[in-house]
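Subject: Handing over the structure

Hello,

Here is the structure that I promised to pass on to you. Please open it first and keep it beside you while you read the notes that follow.

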Amino acid sequence: MDYKESFLQYLEKEKRYSPHTVRSYRNDLGSFFIFLHCQGLSEDPSAVTSNDIRAWIVSMLEKGNKKNPLTASSVHRKISCLRVFFRYLRKEQVMKADPLESVAIPKKKKVLPSFVDEKSISKLLDEQELGEGFPGIRDRAVIEMFYMTGMRRAELIGLKLSDVDLDGCTIKVTGKRNKQRIIPVVIPYINRLREYLGARQEAGINEQWFFVTDKGNKLYDKFVYNIVNKHLSMVTTIEKKSPHVLRHTFATHLLNRGADLNSIKELLGHANLSATQVYTHNTFEKLKQIYTRSHPRERNK
């Protein structure tokens with residue numbers, strides 16, 4: 001039996017992982033079994049040992065170079081794939097023990113999420129020209145959708161016309177593993193969406209997906225990335241200019257303006273609060289400003 005394929009089908013059909021996630025698991029799992037093959041080790045999953053995994057980790061860390069470094073974060077992702085795979089094999093009673101249990105995992109360097117400052121976002125949305133006609137209106141609506149809701153790129157691409165309630169000022173988002181959440185949006189952005197839908201109708205586009213390409217087709221990852229990267233480049237010099245940066249920006253700005261962490265967690269669709277807590281580090285500059293403005297001794301310079 002091909003346990004690798006049955007595992008991937010299990011992720012897709014039963015766990016309802018996104019196609020992108022299943023693809024990543026396939027690649028990571030494949031790289032592990034390629035390593036076993038190249039080392040002349042058994043490719044039977046039930047025969048994998050802790051030493052095999054340690055050797056794989058060492059090979060990955062040594063493989064990195066200055067041009068294409070394999071970070072501890074990348075190694076963690078690949079090990080996470082193995083962890084889920086071995087859990088599945090124990091569930092299927094293919095193996096009894098977890099070979100990862102005694103493996104020391106490399107420490108992952110903590111990197112704070114990048115975000116765009118409020119002034120730059122306001123400049124982009126209120127002052128910058130993002131293009132003419134339908135493409136320009138669509139690009140502005142896409143960027144603002146990320147910033148107004150904090151949704152993920154895959155969630156925006158999968159958004160349907162029926163998910164957007166203009167009268168109720170809410171958007172239904174289908175997240176990871178098909179978990180749905182309702183996000184409220186403000187009236188000014190609802191008006192922006194009405195403008196977008198009007199331009200879309202004028203362009204003769206009849207498609208169930210809410211956001212579409214210039215030709216009226218469903219968006220895809222690279223298309224969305226290019227929209228965000230192109231327009232963020234107009235207002236910021238931060239290294240990362242991706243849709244996920246706008247998600248980070250959404251969370252950071254809400255936190256800076258007093259939103260509680262649990263509410264942000266629900267809006268982002270995080271399963272655990274620990275995933276949301278990373279944004280508290282980004283508020284240090286805000287705390288510093290409050291401290292300098294408020295502490296009695298700071299005034300007596």
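I begin with Arg140, which has its place in helix α6; helices (H or I, at least four residues) and strands (E, at least two) are DSSP runs, numbered from the N terminus. Please keep in mind that this is a predicted model, in which local features need pLDDT of at least 70 and side-chain atom pairs count only at pLDDT 80 or more, while totals for chains, interfaces and linings use all residues. Residues are numbered from 1 along each chain as its sequence is written, and side-chain values use heavy atoms, with hydrogens and water left out.

**Arg140 and Glu144 in α6**

Arg140 is buried and yet has no salt bridge, and the nearest side chain of opposite charge, that of Glu129, is 5.1 Å away. Here buried means under 20% relative accessible area, exposed means over 50%, and partly exposed is in between, with a 1.4 Å probe and protein chains only. A salt bridge is a side-chain nitrogen of Lys or Arg within 4 Å of a carboxyl oxygen of Asp or Glu, and for charge Lys and Arg count as positive and Asp and Glu as negative, whereas His and the chain ends are not counted.

What does the side chain of Arg140 reach at 2.6 Å? The partner is the backbone oxygen of Gln128. If residues up to four places away in sequence are not counted, Arg140 touches Leu124, Leu125, Asp126, Gln128, Glu129, Leu130 and Arg192, where contact means heavy atoms within 4.5 Å.

Glu144 also has its place in helix α6, and because its relative accessible area is 10%, Glu144 is classed as buried. Apart from its neighbours within four places in sequence, Glu144 is in contact with Leu125, Tyr189 and Arg192.

**Helix α8**

Tyr189 and Arg192 bring us to α8, since both are listed among the buried residues of that helix, together with Ile190, Leu193, Tyr196, Ala199 and Arg200. Helix α8 covers residues 187–202, which makes 16 residues, and from its first C-alpha to its last it reaches 23 Å, close to the 22 Å expected at 1.5 Å a residue; the expected span is 1.5 Å times one less than the number of residues. The cover over the buried residues of α8 includes α5 (118–126), α6 (133–149), β1 (164–165) and β2 (170–174). After α8 comes Gly204, whose phi is positive, near 75°.

**The sheet**

Three strands form an open sheet in the order β1-β2-β3, and their pairing is antiparallel. The strands β1 and β3 (180–184) stand at the edges, each with a single partner strand, so one side of each is left without a neighbour in the sheet. Two strands are said to pair if DSSP finds at least two bridges between them.

Between β1 and β2 there are two bridges, and Asp165 stands opposite Thr170 in β2. Between β2 and β3 there are five bridges; Ile171 stands opposite Ile183 in β3, and the bridge partner of Val173 in β3 is Arg181. The side chains along β2 alternate, with Ile171 and Val173 pointing to one face and buried, while Thr170, Lys172 and Thr174 point to the other face and are not buried.

**The two hairpin loops**

Most residues other than glycine have a negative phi, and it is worth checking the loops with that in mind. Which residue takes a positive phi near 55° in the hairpin of β1 and β2, with its four residues between the strands? That residue is Cys169, which is not a glycine and which counts as buried because its relative accessibility is 16%.

The hairpin of β2 and β3 has five residues between its strands, and Arg177 in the turn has a positive phi of about 55°. Asn178, found in the loop between β2 and β3, has a phi near 65°, again a positive value in a residue other than glycine. Is Asn178 buried or partly exposed? With a relative accessible area of 45%, Asn178 is partly exposed.

**Two residues elsewhere**

Ala55 has its place in helix α3 (residues 50–63) and is partly exposed at 34% relative accessible area. Ser274 lies in helix α12 (residues 273–276) and counts as exposed, with 53% relative accessibility.

Best wishes

Note on methods. Polar contact = N/O pair within 3.5 Å; in protein donor to acceptor, adjacent residues only side chain to side chain.
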